[in-house]
Amino acid sequence: MTPSRLRILIIDDEECIRDSLSLHLAGQGHEVLTYPVPGRCPAFNDHRCDLQGACADIVLVDQNMPGMSGLDYLRHLTRHGCRILPRNRILMTGDAAPELEKEVRKMGCQIVQKPLRLDQLDELVDQARIFLSTDRKLSRID
């Protein structure tokens with residue numbers, strides 16, 4: 001059995017995108033946390049992740065942001081032992097160049113083309129949910 005309510009992180013420097021994705025997902029009963037840049041996200045830290053469980057079920061991150069690209073953020077999560085399932089780490093981009101796709105997939109993550117339609121978002125969430133256990137324990141993030 002799969003969980004119905006997920007915790008989803010959205011990291012995008014465009015407020016309108018964060019808001020529209022968040023409103024849609026929250027309207028479906030999910031817990032949604034949004035951040036304008038990776039450095040503001042509690043999952044971004046300078047040490048190895050020492051949480052017992054994942055801090056979220058899904059992370060959606062934009063590729064083109066000031067200070068750090070979405071790909072670099074995904075690399076950072078991988079290097080620091082992030083417990084979010086790699087396949088549930090999703091890079092959003094307006095320019096899914098073949099080299100970028102190859103890099104993202106090599107890490108076991110997903111890449112989606114922007115603009116992201118809400119039905120596509122629903123499908124991503126449904127696919128991610130399949131790999132989650134109902135008795136999973138999400139760690140607190142502050």
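Both Asp 62 and Lys 114 are buried, where buried means under 20% relative accessible area, exposed over 50%, and partly exposed in between (1.4 Å probe, protein chains only). This is a predicted model, so to speak of local features takes pLDDT of at least 70, side-chain atom pairs count only at pLDDT 80 or more, and totals for chains, interfaces and linings use all residues. Numbering runs from 1 along each chain as its sequence is written, and side-chain values use heavy atoms, with hydrogens and water left out.

Back to that buried pair: the side chains of Asp 62 and Lys 114 meet in a salt bridge at 3.0 Å, N to O (the cut-off is a side-chain nitrogen of Lys or Arg within 4 Å of a carboxyl oxygen of Asp or Glu). Asp 62 sits in strand E3 (residues 58–62) and Lys 114 in the loop between E5 and H4, so the bridge ties together parts 52 residues apart in sequence. Helices (H or I, at least four residues) and strands (E, at least two) are DSSP runs, numbered from the N terminus. Lys 114 also leads into a cis peptide bond to Pro 115, with omega near 0°.

The structure holds ten salt bridges, including these:

| Salt bridge | N to O distance |
|---|---|
| Asp 62 – Lys 114 | 3.0 Å |
| Asp 72 – Arg 75 | 3.0 Å |
| Arg 117 – Asp 119 | 3.0 Å |

Asp 72 and Arg 75 are three residues apart in helix H2, so about one helical turn separates them. Asp 72 is partly exposed at 33% relative accessible area, and Arg 75 is partly exposed at 27%. In the third pair, Arg 117 is partly exposed at 49%, and so is Asp 119 at 44%. Salt bridges with shared partners also join Asp 72, Arg 75, Glu 103 and Lys 106 into one network.

Next up is helix H4 (residues 118–129): twelve residues reaching 16 Å from first C-alpha to last, close to the 16 Å expected at 1.5 Å a residue (the expected span is 1.5 Å times one less than the number of residues). Its Leu 121, Leu 124, Val 125, Ala 128 and Arg 129 are buried. They cover an arc of only 135° around the axis, which puts them on the same side of H4; the arc is that of the directions from the helix axis to the C-beta atoms.

As for cysteines, the count comes to zero disulfides, a disulfide being a pair of cysteine sulfur atoms within 2.5 Å. The sulfur of Cys 109 is 9.0 Å from the closest cysteine sulfur, in Cys 82, too far for a bond. Cys 109 is buried at 4% relative accessible area, whereas Cys 16 is exposed at 53%.
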